[in-house]
Amino acid sequence: MTLSDLPGLMAQANADIAVFLAAATANVRAQVAGPDGRIDRARIQSDQHLVHGLAWAGALAQTLVQVESWAMRLMAQGRFGSIEALLAQGAFASFGGELQSGIQMAQGETVRPGLLAQPDLSGCAALSRLVAAHDAAARAAITAHLLAAQGEAVFGDDGLDGDLAAIRDQFHAFAQREVAPHAHGWHLADALIPMPLVDQLGALGVFGLTIPERFGGAGLGKAAMCVVSEQLSRGWIGVGSLATRAEIAAELILSAGTPAQQTRWLPGIASGAVLPTAVFTEPGTGSDLGALTTRAVATDGGWQVHGAKTWITHGARADLMTLLVRTEAGSSGQTGDHRGLSMLLAPKPRGTDADPFPAAGMSGSEIGVIGYRGMKEYEIAFDGFAVPADALLGGVRGRGFVQLMATFESARIQTAARAIGVAQGALDAALDYAAARRQFGQPLVALPRVSDKLARMAVEIMAVRQLTLAAAAAKDSGQRCDREAGMAKLLAARTAWMCADNGVQIHGGNGFALEYPASRLLADARILSIFEGSAEIQADVIARRMLETG
């Protein structure tokens with residue numbers, strides 16, 4: 001296969017995949033429709049394997065669409081070289097190969113394409129040719145390029161231009177200088193990220209990237225958020241995640257806050273002077289926000305909050321809580337009941353190690369975790385905690401769920417970018433180790449199965465990066481992109497786990513030793529398919545949108 005063959009093969013493969021996906025969508029829709037022809041929620045739940053398999057197929061297909069788009073843009077600009085061709089071809093071999101033979105939803109959960117639609121893609125000549133071309137020589141060539149590019153901000157041309165490429169390079173250099181050398185020590189000590197580093201990030205504008213300039217932010221788009229989140233998470237996910245709560249809080253306030261709330265909170269969030277935390281989840285509810293029971297009772301001076309929250313990241317050191325509560329006595333707190341949920345912008349005093357929650361009516365305890373450290377996780381109990389009257393987001397009761405839903409797209413896009421950073425960090429560590437470690441008289445990287453693992457990491461990282469940047473571009477253009485954001489988060493989380501797991505395998509026994517960063521990267525990667533909507537929740541969201549729109 002020559003470079004000139006690639007555009008036509010990618011286009012034909014994607015056309016065949018689109019036909020298959022349309023047939024699969026129609027087939028699944030028919031199986032989960034009720035007697036009236038409308039989608040039956042009960043049938044979706046009872047046949048999750050099939051329905052979620054459709055979502056995974058859609059995510060893989062969309063990734064290949066974005067890989068083709070990336071390749072064609074680079075070709076038009078004269079920037080598409082041999083390594084980009086190898087990565088593009090490898091993406092079709094990896095993800096297209098799954099669409100032909102079996103889609104990995106999770107370990108031990110494989111969806112066979114023939115279950116989704118017939119005929120399947122086994123007879124797709126263009127895709128089969130792309131899969132076959134990703135042979136041992138192609139994989140070895142990718143690894144050779146990796147070795148030549150060790151330490152660079154990006155492997156292969158990621159398609160970024162101008163300001164975004166400059167931002168990428170700036171934050172890559174910063175993370176490699178200020179974060180990566182210390183990350184493993186902070187992880188092992190289970191220490192909070194040092195405040196001087198938090199202050200540095202604030203000075204660099206990390207917390208205000210997408211906040212408008214009139215409020216002290218940089219006024220950039222979600223693509224910039226992705227680039228910064230990836231490079232910081234490549235150094236350490238704890239640092240890469242510091243801005244997540246700022247992003248959520250800022251989007252809530254920008255989209256639903258009153259002018260007074262925007263003026264009060266956004267400049268401080270943008271500068272890093274105000275550290276927010278998201279206080280949504282409750283014990284026993286998980287992703288079922290409609291089952292929340294924490295209540296805020298109106299008083300003459302504001303609100304009194306009663307209830308319990310859990311998995312509150314950076315909760316002790318935060319200054320502002322975006323706090324989801326029930327404000328209406330008539331709402332039940334039963335599964336799916338989103339009535340009466342309101343969002344409070346609740347200020348709190350910043351805690352210390354000695355006194356993490358120094359506020360009346362509020363107490364908390366730390367949740368020990370195996371990874372994703374640096375900000376710490378907490379359970380928080382409220383017993384008459386006082387919140388000012390003007391803290392109700394937008395000044396309107398009962399809109400909390402709708403207000404929060406408006407932030408999910410951005411949060412999931414950013415989580416995908418963080419996952420890519422973790423994946424890239426795992427590739428960095430594995431490549432360094434494989435190049436330096438010698439076994440049987442040769443470096444590990446010379447062994448074909450080690451080289452193959454490294455090549456697969458590089459291929460999938462570039463592919464899911466394009467998927468994530470496309471979702472960010474859709475968000476920046478004002479399009480609804482819950483499906484695209486979910487796809488990016490779903491697949492990037494799987495890629496992070498694959499890279500981290502293979503990184504441990506390349507390290508061998510040393511990968512299981514606490515002293516090696518590979519062990520931390522594995523623990524960090526594991527959370528990505530759980531938080532900000534689990535992989536199962538993402539698949540459900542994606543499938544429902546596919547069944548609605550075709």
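A cavity is taken here as a set of grid points where a 1.4 Å probe fits but cannot get out. In this predicted model, five cavities of 30 Å³ or more are counted under that rule. The largest cavity has a volume of about 100 Å³, and its lining is made up of 16 residues, among which V206, L209, A243, E247 and Q414 lie nearest the centre. Two elements, α10 (222-235) and α12 (242-256), each give two or more residues to this lining. When the lining of the largest cavity is sorted by class, ten residues are nonpolar, five are polar and one is charged.

Open pockets were examined alongside the enclosed cavities, and the second largest pocket was found to have a volume of about 670 Å³. This pocket is lined by 27 residues, and those closest to its centre are M105, A106, Q107, R494 and W497. At least two lining residues of the second largest pocket are supplied by each of α3 (48-76), β1 (103-106), α15 (448-476), α16 (482-507), α17 (517-526) and α18 (535-549). Among the contributors to this lining, α16 provides the largest share, with seven residues. In terms of residue class, the lining of the second largest pocket comprises eleven nonpolar, eight polar and eight charged residues, whereas a single charged residue is present in the lining of the largest cavity.

Note on methods
Residues numbered from 1 in each chain as written. Predicted model: local features only at pLDDT ≥ 70, side-chain atom pairs only at ≥ 80, totals over all residues. Heavy atoms only, no water. 1 Å grid on protein atoms, 1.4 Å probe; cavity = no way out; pocket = protein on both sides within 12 Å on 5 of 7 lines; lining within 4 Å. Points joined across faces, edges and corners; volume = space filled by probe spheres on them. Helix = DSSP H or I, 4+ residues; strand = E, 2+ residues; numbered from the N terminus. Nonpolar A, V, L, I, M, F, W, Y, C, P; charged D, E, K, R; others polar.
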